[in-house]
Amino acid sequence: MKPTPNLIRTLGLGWLAYLLVGFALSQTGGGNKIQVVIDRSYCAPTSWQQVADEYAQLYRQHQQKQLTIESVTLVNDLGEEILRVPPSAEEIAGLNTFGLPGRDRIDAIVQASPDAKVLSCQP
Amino acid sequence: MMKRLSRLHIRLVTGFVIGLCLVWIGGCLSVGTPQVDSAESALQALEQSVLPQLNAETQVVPDEVAVRYAVDTVEAPLPKLEDFPLYGAQPGEGGVYIEIFSSSEKANFERQNERWLVEVADAFNASNATVGSGQPIRVGIRKIASGAAARLLIAKAAQPVGYSPSNDLWVQMIKSQNVNAQVVAPRLVANTAGWVIPASVYQQLSAQGTVTFEQLLNAIASGQISVAYPNPYASSTALNLLYTLYWRAAGHQAAGGQLTAAEIASPQVNSVFEQFQSQVLITTPTTLDLQELFLRDQSKLQAFPLEYQNYLALKQLPGFEDTEFIPFGIPHNNPLVGFDWNTPEQKEALQKFSTFALSEPMQSLAQQQGFTVTDYVKNNEGPPIPSGEVLLAAQSNWKLQKDSGRTVYMTMVIDTSGSMEGEPLSALKEGLRIAAQQINPGNHIGLVTFDDKPVNRLPLGSFDKQQHQRFLATVEQLQANGGTAMYDGVMVGLGDLLKQQQQDPNGRYYLLLLTDGEVNRGYTFDAAKDIMAYSNVRFYPIAYGNVNEQELDAIASLRESTVQVGTPENVQDLFKNLFQINL
């Protein structure tokens with residue numbers, strides 16, 4: 001039986017719709033997208049564990065596609081380091097902290113991205 | 001035919017057996033070592049093949065002898081003034097004679113672009129200037145490093161009429177030690193301290209804007225860039241760097257406040273220093289060593305500090321054309337100070353000399369020799385000048401914290417061959433004795449000597465009072481005799497270090513090698529080089545005489561190091577410097 005133009009049109013539109021929905025899903029994928037800001041100013045090791053645990057929780061959710069960590073920015077008063085690929089929880093747990101808090105920098109990031117999640121051991 | 005065949009067989013078999021024997025004999029006679037291609041195989045080769053073959057002895061001074069040695073009475077002698085050249089007028093020429101101690105970069109008569117102050121003194125002396133009483137003024141310039149001059153002034157071992165260090169930090173240091181210095185000219189010539197970095201690194205950092213000291217410091221502390229710098233006890237630039245690092249880490253850049261000694265010790269500031277230090281490849285005795293290391297491999301060393309005047313000359317050399325300069329710290333103003341021991345006529349003479357040095361023709365001469373007022377200086381971008389107490393605290397903290405908690409293990413492998421007899425050995429012994437004061441407790445030292453054979457004199461041990469006493473006793477008993485089995489000595493020294501590496505892989509491992517001649521016994525460089533290359537030990541060769549320079553250079557190049565040239569006159573300073581920055 002020869003496929004009719006109608007059949008071809010219907011199938012084609014159906015596939016196109018399927019592809020578009022799939023593409024849209026891949027972009028929205030893991031639910032919320034967040035920017036994580038980590039205050040890497042000097043932190044006593046026991047206090048840093050708290051920050052590491054908080055990040056570990058976020059990272060787990062990122063891995064389970066419950067959310068998407070778009071970037072991780074490490075900040076102190078000397079500067080910022082933007083990591084486009086979210087580091088693992090172990091990498092953050094083992095991060096060396098140094099210097100004074102970069103409060104102005106953190107404030108500027110939060111102002112630009114109000115949904116940014118700030119992790120800090122500072123009061 | 002059967003007979004012919006069997007004769008042929010016999011010949012073939014005989015030839016085969018003879019060949020096998022020759023191969024076996026050749027293998028037995030070979031002085032080489034098994035294949036080495038890792039730290040583990042280096043240790044294995046040492047323990048299983050090399051050390052058992054060596055005729056090494058152990059001669060350790062008994063503790064009951066060592067305990068008699070006092071460790072707290074060894075004082076480092078001051079530098080001798082006569083070791084520093086005096087240019088211009090000499091004492092005894094009549095008139096009002098003034099001697100000025102000057103830092104090297106403007107009083108190095110041997111180098112065309114580093115002798116500005118000497119040329120100014122010559123011009124001034126030729127002008128026949130006089131004081132009010134009519135007596136002629138005669139000016140002598142003594143070339144002496146700022147730090148060495150400061151030591152002499154603080155010890156009151158010298159009383160020049162004037163002192164012109166590279167920067168004001170030294171003036172503050174001597175003032176804090178009760179040397180009453182009065183400023184005659186706040187700036188004779190302008191210079192700037194800064195980081196030299198490859199253009200490619202600059203471009204990476206400049207993606208975020210103009211590259212500043214702060215940006216570079218963050219990149220270093222974040223593990224992106226490796227650096228090296230000279231001894232902050234001796235180098236004006238390194239002292240400036242250390243101060244600026246602490247000042248910035250304490251967060252004073254916003255308000256321009258003063259750094260305090262308490263802040264230096266705080267965890268927030270110290271954490272920056274620790275991170276910075278973790279990226280330091282090496283601390284060198286001199287800036288010249290840094291330049292050599294930078295040229296050797298820019299993938300390993302990406303930044304080192306230098307004065308701008310030197311940088312301008314360096315940029316003309318192959319390998320340095322593609323670099324950038326990032327200024328930091330206080331300006332190197334080359335101030336001129338006088339002292340309260342000066343007579344009124346000397347004060348007047350010094351003032352007149354200062355006015356002459358600041359005149360337009362002399363300043364124009366300075367510019368030709370690379371002393372320029374950079375934008376950084378014009379914009380007054382640097383930190384304030386600290387007190388001498390803060391600088392001393394900065395140096396002390398550096399000495400204590402420089403190894404970031406890692407233990408340093410150093411074995412000294414010392415030539416005691418017959419040619420070391422007399423002054424060479426006695427100067428070396430005195431140098432080791434004095435330099436031992438520089439060793440941080442908790443670091444480990446050992447000592448091996450070599451002549452016809454290697455001798456283990458002091459096993460690697462933690463530097464406490466007992467090890468210090470053992471070290472002094474061991475050094476005291478060294479005698480010269482015999483040949484030069486240098487690599488045998490190196491192998492024994494390495495054996496101790498590699499064994500220790502198994503227990504503390506995080507430690508820093510160094511082997512100081514001093515020799516005054518060429519190897520004429522035992523292992524050769526070719527036989528030993530693979531073990532040395534894979535040992536993860538840094539070698540500090542000291543050429544103390546007629547040595548094979550090529551071999552020592554090759555040894556130094558195995559890891560980031562350079563050969564130091566030692567003589568009986570400078571070996572004391574050499575050891576002191578090496579121990580101060582490494583132990």
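Where in chain B does Asn380(B) lie? Let's work through this and two related exercises on the predicted model.

**Exercise 1. Place Asn380(B) in chain B, then describe its backbone and its exposure.**

Step 1: Find the flanking elements. Asn380(B) sits in the loop that runs between helix H16 (375-378) and helix H17 (388-401) of chain B.

Step 2: Look at the backbone. Asn380(B) is not a glycine, yet its phi is positive, near 55°.

Step 3: Classify the exposure. The relative accessibility of Asn380(B) is 65%, and exposed means over 50%, so Asn380(B) counts as exposed.

**Exercise 2. Give the same kind of description for Lys156(B).**

Step 1: Start with the location. The loop between helix H5 (146-154) and strand S5 (162-164) of chain B holds Lys156(B).

Step 2: Check phi. Lys156(B) shows a positive value of about 55°, although it is not a glycine.

Step 3: Turn to the surface. Lys156(B) is exposed because its relative accessible area is 52%, with the cut-off at over 50%.

**Exercise 3. Decide whether Val490(B) is buried or exposed, and list its contacts.**

Step 1: Locate the residue. Val490(B) belongs to helix H20 (residues 486-503) of chain B.

Step 2: Apply the cut-off. Buried means under 20%, and Val490(B) has a relative accessible area of 0%, so Val490(B) is buried.

Step 3: Name the partners. Leaving aside residues up to four places away in sequence, Val490(B) touches Val413(B), Leu511(B), Leu513(B), Met532(B) and Phe539(B).

Step 4: Add a distance. Leu391(B) is 99 residues from Val490(B) along the chain, and their C-alpha atoms are separated by 39 Å.

Conventions
Residues are numbered from 1 along each chain as its sequence is written. Chains are lettered from A and ligands numbered from 1 in the order in which they are written. This is a predicted model: local features need pLDDT of at least 70, side-chain atom pairs count only at pLDDT 80 or more; totals for chains, interfaces and linings use all residues. Side-chain values use heavy atoms; hydrogens and water are left out. Helices (H or I, at least four residues) and strands (E, at least two) are DSSP runs, numbered from the N terminus. Buried means under 20% relative accessible area, exposed over 50%, partly exposed in between (1.4 Å probe, protein chains only). Contact means heavy atoms within 4.5 Å.
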